[in-house]
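Biologist: I would like to learn how to read a structure of this kind, one feature at a time. Could we start with a single residue and then work outwards?

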Amino acid sequence: MRMISVLASLAMLWLAQGMQNANADDNFIVLQSTTSTKNSGLYEHILPNFTEQTGIEVRVVAVGTGQALQNARNGDGDVLLVHSKTDEEAFVAEGYGVKRLDVMYNDFVLIGPEGDPAKVAGQTSPAEALGRIAKAGVPFASRGDNSGTHKKELLLWHSAGVDPKEHSGQWYREMGSGMGPTINAAVEMGAYTLTDRGTWISFKNKGRHRIVLEGDTGLFNQYAVIRISPEKHPHVRTKLAQTFIDWLVGPDGQAAIGAYRMDGKQLFFPNASDARS
Amino acid sequence: MHVHDFFQAFRLAADLVLAADADLMEIIGLSLRVSLTALVISSLIGFPLGAAAGIWRFPGRGLIAILMNALMSLPPVVVGLLVYFTFSRVGPFGWLELLYTPTAMIVAQTVLVTPIIAALSRQVIEDLNREYAEQFRSFSVPPGAAIQAMLWDARYSLLTVALAGFGRAIAEVGAVIIVGGNINHYTRVMTTAIALETSKGDLAFALALGIVLLVIALSVNAAVMGLRATAMRYAYA
């Protein structure tokens, strides 16, 4: 019995210490982020620079764009970095965000199994490519999670004049998962899927899948940053958040983003200045 | 994932442990800190609760037992959501600023583990009570003292109950990834790190981390069992 109480008090001490640390060290912000920027290793490349310059720690919570928007609406974060323009504009219009600023872009690519069973390669537009996949009934792995990539994919299906939900459970597979697990599944199922280029380049489990369609203007993927409004959530760390955003869209942040390479390839292209000019 | 990756994972795991990589040690440390703290709090609540439910006769006792047993099936992701809504800024305890901290993870795991400790110890104590009830009655031992005496006498079985609770805590990912956020150097634990490596497609590394997690669980179990054997030797020597 005595040993248990000693153990218990030790644990309490440990816990209390942890809580103290959390409160004492207040020089941090919480960044609600899309997953692609985290899984591709971008944050580990750029954030140490920022923390070194400013002493501000950035705590990244990487979830799908849909969940990140919802968490931010609840006030569980100071800054939002996602890639779904319509949703971002709605977020700002509803008063949850202060202002939407372009940060960087890359593009989406359509990947597919070796041999390209739906004969997608050589098509010029995503609409034609998806139309062929639907016609051939070759499996297509959809995120199915309201993420930015998922929303983009649904737009592309719309432009192809196909309602993939009618085929859900057949060739259209709604994974309900993040980008990584969806690619893992696509590789195993021999399915096509839409992914951002950053995630694909840095992805380790490519199997024999390859890019079958890329380069169309319809596949453009813009990332933006939004500071969460103190009017809706007075507790947000406005000053620290603004410092971070200024850095991210300023010369230092933009240069850090542009310098990030994976296997010699650039994953994200800074374009904050384009938007402001 | 192929056979080659599978064997690669074991090599990677061995390399990771031997190199004592600083990041990995930090993640292991946090995993142990969160899960062991949750276990201690759960034990402080669960053992007395389970013992009380195992000893006292009251109407609806059977229902309580069913409820306790059923709560062992609480899905971690549901507990994660409940704790998220509790500590979210729009929730009742948002002002505590605990979301995305190790403390929130401890709370979530405590909610998960307490029913396991309570339900299993209730069974242990109820069985023991069949032997003891008569004696306690004839010496008219007060209920509080009876609970204490029985928890002490059942301590070796209860150790296994605690290990079951620890297993649940250290292995779950659904709750801690929601309330902790898997923040690098702050709330990343073994299971959320495994989920992250899986989403990067680095399956061999993810599995290697899984093997390391198993080794940790093995060590904890071995240490507790060793302690138990030593204690028993002294007790019966």
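Biologist: Which residues does A:L69 touch, not counting residues up to four places away in sequence?

Modeller: Please keep in mind that this is a predicted model. Leaving out those sequence neighbours, A:L69 touches A:V82, A:D87 and A:F91, and A:L69 itself is found in helix α4 of chain A, which covers residues 65-73.

Biologist: Is A:L69 buried or exposed, and why?

Modeller: The general idea is to count the C-beta atoms around a residue, with 20 or more others within 10 Å as the cut-off for calling it buried. A:L69 is buried because 25 other C-beta atoms lie within 10 Å.

Biologist: Where do buried nonpolar residues gather, and which of them touch the most other members of the largest nonpolar core?

Modeller: In soluble globular proteins, nonpolar side chains tend to be buried together. Here the largest nonpolar core has 142 residues, and those that touch the most other members are A:V79, B:V83, B:A104, B:A108, B:V179 and B:A208. Helix α5 of chain B gives the most to this core, with 15 residues, while domain 1 (27-106 + 222-276) and domain 2 (107-219) of chain A each supply at least three. If we look at B:V83 and leave aside its neighbours within four places in sequence, we find B:V83 in contact with B:A104, B:V107, B:A108, B:V111, B:A175 and B:V179.

Biologist: Where is the kink in helix α5 of chain B centred?

Modeller: This helix, residues 102-138, has a kink of about 55° centred on B:E131, and just after the helix B:S140 takes a positive phi of about 40°.

Biologist: How many residues of chain B are in contact with chain A?

Modeller: On chain B there are 25 such residues, and they meet 29 residues of chain A. Helices α2 (22-55), α5 and α9 (190-199) of chain B each give two or more residues to that side of chain B, and α2(B) gives the most, with five. Sorted by class, the side of chain B that touches chain A has twelve nonpolar, nine polar and four charged residues.

Biologist: Which way do strands β4 and β9 of chain A run when they are joined?

Modeller: Strand β4 (residues 97-112) and strand β9 (residues 220-228) of chain A run antiparallel and are joined by eight bridges, with A:G97 paired to A:I228 in β9(A). Four bridges also join β4(A) to strand β7 (residues 192-196) of chain A, again antiparallel, and there A:I111 has A:T193 as its bridge partner. In strand β8 of chain A, the bridge partner of A:I111 is A:I211.

Conventions. Residues numbered from 1 in each chain as written. Chains lettered and ligands numbered in written order. Predicted model: local features only at pLDDT ≥ 70, side-chain atom pairs only at ≥ 80, totals over all residues. Bend = angle between axes of the 7 residues up to and from the residue. Buried ≥ 20, exposed ≤ 12 C-beta atoms within 10 Å, placed from the backbone. Contact = placed C-beta atoms within 7 Å. Nonpolar A, V, L, I, M, F, W, Y, C, P; charged D, E, K, R; others polar. Core = buried A, V, L, I, M, F, W, Y, C linked by C-beta atoms within 7 Å. Domains from an automatic or database assignment. Pairing = 2+ DSSP bridges.
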